[in-house]
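This report is meant for a reader meeting the structure for the first time. It begins with the ligands, then turns to the nonpolar cores and to one helix in detail.

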Amino acid sequence: METPPHPHQAGSAVPADLTPQCVHCGLCLQACPTYIELGKEADSPRGRIYLMQAQQRGRLPVAGSFAQHISACLDCRACESACPSGVPYGELVEQAREIVEQQLERPLLVEALRRYVFGWVFPSPRLLRFHFHLLRLYQRLGLQALVRRLASLKLIPSRLAGMERLLPDLGGRAAPIELGAVFRSAGPTRRRVGLVTGCVMNEIFAGIHRATIRVLQRNGCEIVVPSSQVCCAALHAHAGITATAQEMAKRNIQAFEQAGVSAVIVNAAGCGAKLKEYGALLARDPEYSSRARSFSQGVVDISEFLDGLPALSPPDRLELKIAYDDPCHLLHAQRIAQAPRRLLQQIPGLKLLELQNPDQCCGSAGIYNITHPELSMRILERKIEDIEQCGPEVVATGNPGCLLQIAHGLRMAHLHHIQVMHPMEILDRAYGSASSENGRNPG
Ligand code: SF4
Ligand code: SF4
């Protein structure tokens, strides 16, 4: 059994002020990666709640320490799992970031770039694809090698070099899933479901989408890929860009309503968490509040969907030692821990290992590894040490950011023999239809 659904999932209304629920007991502190790393109250959940209260009461300006400590939060929501008072910390930090977004003045160029990326690129699958084409070209023409050489000579800013290092190899990947496609079930159809393709997921991890589709087909599902869907807007909501997030949520609700599906399947934990919270995101919208609630109720992570069917037992043996790492937004935001483990455990021959701290963030957290590279890498180092001590052949995790971050950490630690895979790639392999991308790390 999974733990009960998160109280703020599937559309509960957002109270005006959620901070009074915090009784300042401090039980969340040791669950917080930034507190563990920095040891400062202001970088703990409780400390950030104090800052939010001080800001609300007009005792603290937005610019300065408030913006800094709110921005240093990973939004990993480990504090929610640890909190006995049910403080909905994810909503609190998103509200605080909305205030920062509205009031903080940034340099003009930074502001323009943010507006372009969040307001134009992510809401448009076409524009996003165009930019990924440019990145592929950048790698194919050898410009990446040149930039990395300059970075090693410290001839470009370290922050830019850090960002560049995180860019995965985009060559030789599966082609993105075409929006509007329909995939028939293998055999009699048990369910007609919709697939969320996401933004970066479809450009970098289409191989995982294809594995997911094959696994669903094998389990009697017809899969519809609604043509007018867009990015889930999790990045926007986490950054406090709420109005754009709401508009994107409405477009997704319309797209999946028109598709006439019985479930909205998502294989990226961060996207799933946000899609399940559309009800809260649009709680005050008279036209969309109830539509958003029923949409969110239909969203399921692929692992909980297959676990609930239940999925057919895979016929092939996989003699593999696998460590499962919980994506924060699957464990803490969606409260799903056992479904992916059960799916992996039913594969004959597979040995499931437990990490010491599978519930601790890997430091990816959306674009945190870009906005806070140093802290992100410190958090990642702990994860990689845990993996090394556990000694798996494969690390399984169901979120694109975690896949890239852990692959990057393994590369930096020269642990090239450990692969990182999405649970659907492993299941797909056990069903005997491994994709051509299996066998390479995502970075
Ligand atoms: S969301 Fe994560 S980083 Fe932020 S306060 Fe909670 S535990 Fe700490
Ligand atoms: S967020 Fe929860 S666990 Fe943390 S100090 Fe407040 S009441 Fe205690």
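## Ligand shells, cores and a helix

In this predicted model, ligand 1 is surrounded by 13 residues, of which C32, R48, C73, C76 and C79 are the closest. Helices α1 (33-38), α2 (45-56) and α4 (78-82) each contribute at least two residues to the shell around ligand 1. Ligand 2 is likewise surrounded by 13 residues, and the closest to ligand 2 are C22, C25, G26, C28 and C83. The table sets out the make-up of each shell by residue class.

| Shell | Nonpolar | Polar | Charged |
|---|---|---|---|
| Ligand 1 | nine residues | one residue | three residues |
| Ligand 2 | nine residues | three residues | one residue |

Beyond the ligands, the largest nonpolar core holds 61 residues, and those touching the most other members are L275, Y278, F295, I387, I406 and L410. The helix that gives the most to this core is α13 (residues 242-259), which supplies seven residues. Apart from this core lies another one, of 38 residues, which includes I177, L306, Y324 and I336. As for L275, once its neighbours within four places in sequence are left aside, it is in contact with V196, C232, V266, F295, S296 and V299.

Helix α7 (residues 125-140) can be checked against an expected length: at 1.5 Å a residue, its 16 residues should span 22 Å, and because its end C-alpha atoms are 22 Å apart, the two values agree. Which residues of α7 are buried? They are L128, F132, R136, Y138 and Q139. Seen down the axis of α7, the buried residues fall within an arc of 155°, and therefore they line one face of the helix. An α-helix has 3.6 residues a turn, so residues three or four places apart point the same way. The face of α7 turned away from the buried side carries the exposed residues R126 and R140, while the cover over the buried residues of α7 includes α6 (108-121), α8 (143-152), α9 (158-166) and α10 (200-204). After α7 comes G142, which has a positive phi, near 85°.

Helix α6 also holds L113. Is L113 buried or exposed? With a relative accessible area of 56%, L113 is exposed, because the cut-off for that term is over 50%. The C-alpha atoms of L113 and G220 are separated by 44 Å, and the two residues stand 107 residues apart along the chain.

How values were computed. Residues numbered from 1 in each chain as written. Chains lettered and ligands numbered in written order. Predicted model: local features only at pLDDT ≥ 70, side-chain atom pairs only at ≥ 80, totals over all residues. Heavy atoms only, no water. Near = heavy atom within 4 Å. Helix = DSSP H or I, 4+ residues; strand = E, 2+ residues; numbered from the N terminus. Nonpolar A, V, L, I, M, F, W, Y, C, P; charged D, E, K, R; others polar. Core = buried A, V, L, I, M, F, W, Y, C linked by side-chain atoms within 4.5 Å. Buried < 20%, exposed > 50% of the residue type's maximum accessible area, 1.4 Å probe, protein only. Contact = heavy atoms within 4.5 Å. Expected span 1.5 Å × (residues − 1). Arc of directions from axis to C-beta.
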